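Welcome, and thanks for taking a look at this model with us. Here is a short, friendly tour to read beside the picture.

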Amino acid sequence: MSNNNNTISASEMGLGAPSIKSAIEALILLQDDGITAMEIAQHTATSTDEIEILLNELKNEYLTDLRGFELREINGRWRFYSASNCSELIERYVKDVRMPD
């Protein structure tokens with residue numbers, strides 16, 4: 001059912017997304033206050049254990065790839081955040097937006 005990188009194709013499960021990982025990302029982006037692994041599991045017809053594995057894989061992929069965002073779990077809810085290694089840029093942007101020239 002799944003290939004060697006834990007990606008299940010949309011055709012295999014009628015997911016409505018190109019892969020389980022893209023489905024996870026899309027669901028996380030929809031929720032301002034985050035989403036639980038159980039909620040993701042329910043909407044993807046995937047076990048909570050498998051979703052937790054994939055969430056951690058995504059988290060590590062984003063860190064390894066030095067993306068501008070991170071995936072974090074806080075109080076059982078998963079959300080995207082600006083990457084901590086981009087804090088200087090974010091601080092400068094916020095300052096510029098609040099105090100235009």
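## A ring at the edge

Phe69 has a relative accessibility of 29%, so this residue counts as partly exposed. On this scale, buried means under 20% relative accessible area, exposed means over 50%, and partly exposed is in between, with a 1.4 Å probe and protein chains only.

Before going further, please note that this is a predicted model, in which local features need pLDDT of at least 70 and side-chain atom pairs count only at pLDDT 80 or more, while totals for chains, interfaces and linings use all residues. Residues are numbered from 1 along each chain as its sequence is written, and side-chain values use heavy atoms, with hydrogens and water left out.

## The hairpin

Phe69 stands opposite Ser82 in strand 2. Strand 1 (residues 69–74) runs antiparallel to strand 2 (residues 77–82), and the two are joined by 6 bridges. Strands here are DSSP runs of E with at least two residues, helices are runs of H or I with at least four, and both are numbered from the N terminus. Two strands pair if DSSP finds at least two bridges between them.

The two strands make a hairpin with 2 residues between them, and in that turn Asn75 has a positive phi of about 55 degrees.

## The aromatic cluster

How many aromatic pairs are there? The count comes to 3, using rings of Phe, Tyr and Trp (its six-membered ring) whose centres lie within 6.5 Å; planes under 30 degrees apart count as stacked, over 60 as edge-to-face and the rest as tilted. The rings of Tyr62 and Phe80 are a tilted pair, because their planes meet at 55 degrees, with the centres 5.8 Å apart. This pair links distant parts of the chain, with Tyr62 in helix 4 (residues 48–64) and Phe80 in strand 2, 18 residues apart.

Tyr62 is buried at 2% relative accessible area, and Phe80 also counts as buried, at 18%. Phe80 forms an edge-to-face pair with Phe69 as well, at 5.4 Å centre to centre and 90 degrees between the planes. Since Phe69 lies in strand 1 and Phe80 in strand 2, the pair ties together parts that are 11 residues apart in sequence. Ring pairs thus link Tyr62, Phe69 and Phe80 into a cluster.

## Two loop residues with positive phi

Ala45 sits in the loop between helix 3 (37–44) and helix 4. Its phi is near 55 degrees, a positive value in a residue other than glycine, and Ala45 is exposed, with 68% relative accessible area.

Leu66 is in the loop between helix 4 and strand 1. The phi of Leu66 is near 55 degrees, again positive in a residue other than glycine, and Leu66 counts as exposed at 63% relative accessibility.
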